[in-house]
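Here is my note for you to read with the model open on your screen. Take the points one by one and find each residue as you go.

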Amino acid sequence: MSGRTAADAAPIPVPDRRRMWPLYAAGFTTAFGAHGIAANLGAGDEDLVRSVLCLGVLLALYDGAEVVLKPVFGTLADRVGARPVLLGGLVAFAAASAVFVAVRDPGWLWAARLGQGAAASAFSPAASALVARLNPQAKHGRAFGSYGFFKSLGYTAGPLLGGVLVWAGGLTLLFAVLMLLAAAVAVWAALAVPAVPPLPKSRQTLLGLARRLADGAFLRPVAALAAATAALSVGVGFLPLSGAADGLPPVATGAAVSALAACAAVVQPWAGRALDEGRLTARAGLAAGLAVTACGLAGAALLPGVTGLLTAAVLIGAGTGLITPLGFAALAAATPEERMGQTMGAAELGRELGDAGGPLLVASAASIATLTWGYAALALLTALLPLALAARRQPR
């Protein structure tokens, strides 16, 4: 994977900040859609509560579609342009949501959820690619920090606001809001986001693709992003369980999860600015973020009660908030612009695997021993990653 030079850059004028807002809104939409529905499926249909298997399948459909399709749509964005893929994905997301609104039949949840996941697989990597291409390399940290901030807001607001909507009008109201949100963002993006034509590129063989994705400049940031997503997923999913086991009330465990999301949201813009201003390098920042995240997981394993819960939430949130913009900025810096969509799609695949693999690892260890050992296992793996990152020099 080779870095870009001035001659490689496309002659696209740098947009003002107002033209970036629809991309941030797209990031919010995919995050809000993912967590807003996932956290409230059971509350919206009593039959799903009684059928754990059915609920599990519905939860897996969205993520499964993203794992399979994000690299495909990322490559398509390089071929036809990221803007058409962004707009098409947002329109498809609105249409998939409209299916359930129109039918109002829980039996159609699977179709609506699968359609939403496929649509998000299109506009999520396209938005990331546009964030990279519409900003000069010197501002990638700030741009990805802002993008990550709004995605974190979506993850935070999804369960809470989604719960309010389901309480007020059931799943139909939640899907209707998502339909309107995606449609509004699509119109906004069509009006504000400038066209970014695809760049000419040489033919790429499967062997060449494998070599590029196996290069350290790609693997190091993606490994860090996957570890961060794994820790974030474990924190959101298992910290409330640990708090309940320690006798803490739901309001305390909910506050801890909110603190985790808030720390991740606040740290991302700061980390991006520090990278752009030269106060932080991607190599050092990723290593520090992984170390802080590992300490948070270790705190969940070693510290009891409220102390362990809040320590884990704050450190995991801060660590993942540090890793996310730096990881994407490092990928963008090391990727030829004509392959940006492909790289972002592959990077998103790595994050999805971390999202699924982290909870699976912790749950497997907990089933053999205790949840404490599950936290410890993920903390150890996360702590070892900086050693791998230090083995070869980052591009920035």
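The points below walk through the pockets, one cavity, one helix, the nonpolar cores and a loop residue.

1. Before anything else, keep in mind that this is a predicted model. Every value here was computed from it.

2. Let's start with the largest pocket, which has a volume of about 1,300 Å³. It's lined by 48 residues, and the ones nearest its centre are His-35, Tyr-155, Ser-233, Val-236 and Asp-355. Try clicking on those five to find your way in.

3. Which elements build that lining? Two or more residues each come from α1 (21-38), α4 (52-80), α6 (109-133), α7 (140-192), α9 (216-245), α10 (250-276), α12 (305-333) and α13 (340-368). Of these, α7 gives the most, with nine residues. Sorted by class, the lining of the largest pocket has 23 nonpolar, 16 polar and nine charged residues.

4. Now for the second largest pocket, with about 200 Å³ of space. There are 17 residues around it, and Ser-242, Asp-246, Ala-300, Thr-372 and Tyr-375 are the closest to its centre. Two or more lining residues each come from α9, α11 (282-302), α12 and α14 (371-391). Here α9 has the largest share, with five residues. The classes in this lining come out as eleven nonpolar, five polar and one charged.

5. There's also a cavity to look for: the structure holds one of 30 Å³ or more. The volume of this largest cavity is about 80 Å³. Its lining has 13 residues, and Ala-77, Asp-78, Ala-82, Arg-133 and Glu-337 sit nearest the centre. At least two lining residues come from each of α4, α6 and α13. By class, the lining of the largest cavity splits into seven nonpolar, two polar and four charged residues.

6. Have a look at α12 as a helix in its own right. How far should its 29 residues span? At 1.5 Å a residue, the answer is 42 Å, and the C-alpha atoms at its ends are 42 Å apart, so the two agree. Is α12 mostly covered or uncovered? Mostly covered, with 22 of its 29 residues buried.

7. On to the nonpolar cores. In soluble globular proteins, nonpolar side chains tend to be buried together. The largest core in this model has 75 residues, and Leu-23, Leu-86, Leu-130, Phe-144, Leu-174, Phe-175 and Met-344 have the most contacts inside it. The largest share of this core, 15 residues, is supplied by α7.

8. To see what such contacts look like, zoom in on Leu-86. Leaving aside residues up to four places away in sequence, Leu-86 touches Leu-23, Ala-26, Phe-123, Ala-126, Ala-127, Leu-130 and Ala-189. Apart from the largest core there's another one, of 19 residues, which includes Ala-312, Val-362, Leu-378 and Ala-379.

9. Last, go to the loop between α6 and α7, where you'll find Asn-135. Why do we call Asn-135 buried? Because its relative accessible area is 12%, and buried means under 20%. Residues up to four places away in sequence aside, Asn-135 touches Met-20, His-140 and Ala-143.

Definitions and conventions
Residues are numbered from 1 along each chain as its sequence is written. This is a predicted model: local features need pLDDT of at least 70, side-chain atom pairs count only at pLDDT 80 or more; totals for chains, interfaces and linings use all residues. Side-chain values use heavy atoms; hydrogens and water are left out. On a 1 Å grid over the protein atoms alone, a cavity is a set of points where a 1.4 Å probe fits but cannot get out, and a pocket is an open set with protein on both sides within 12 Å along at least five of seven lines; lining residues have an atom within 4 Å of a point. Grid points are joined across faces, edges and corners, and a volume is the space filled by probe spheres set on the points. Helices (H or I, at least four residues) and strands (E, at least two) are DSSP runs, numbered from the N terminus. Ala, Val, Leu, Ile, Met, Phe, Trp, Tyr, Cys and Pro count as nonpolar, Asp, Glu, Lys and Arg as charged, and the others, Gly among them, as polar. The expected span of a helix is 1.5 Å times one less than its number of residues. Buried means under 20% relative accessible area, exposed over 50%, partly exposed in between (1.4 Å probe, protein chains only). A nonpolar core is a set of buried Ala, Val, Leu, Ile, Met, Phe, Trp, Tyr and Cys residues joined through side-chain atoms within 4.5 Å. Contact means heavy atoms within 4.5 Å.
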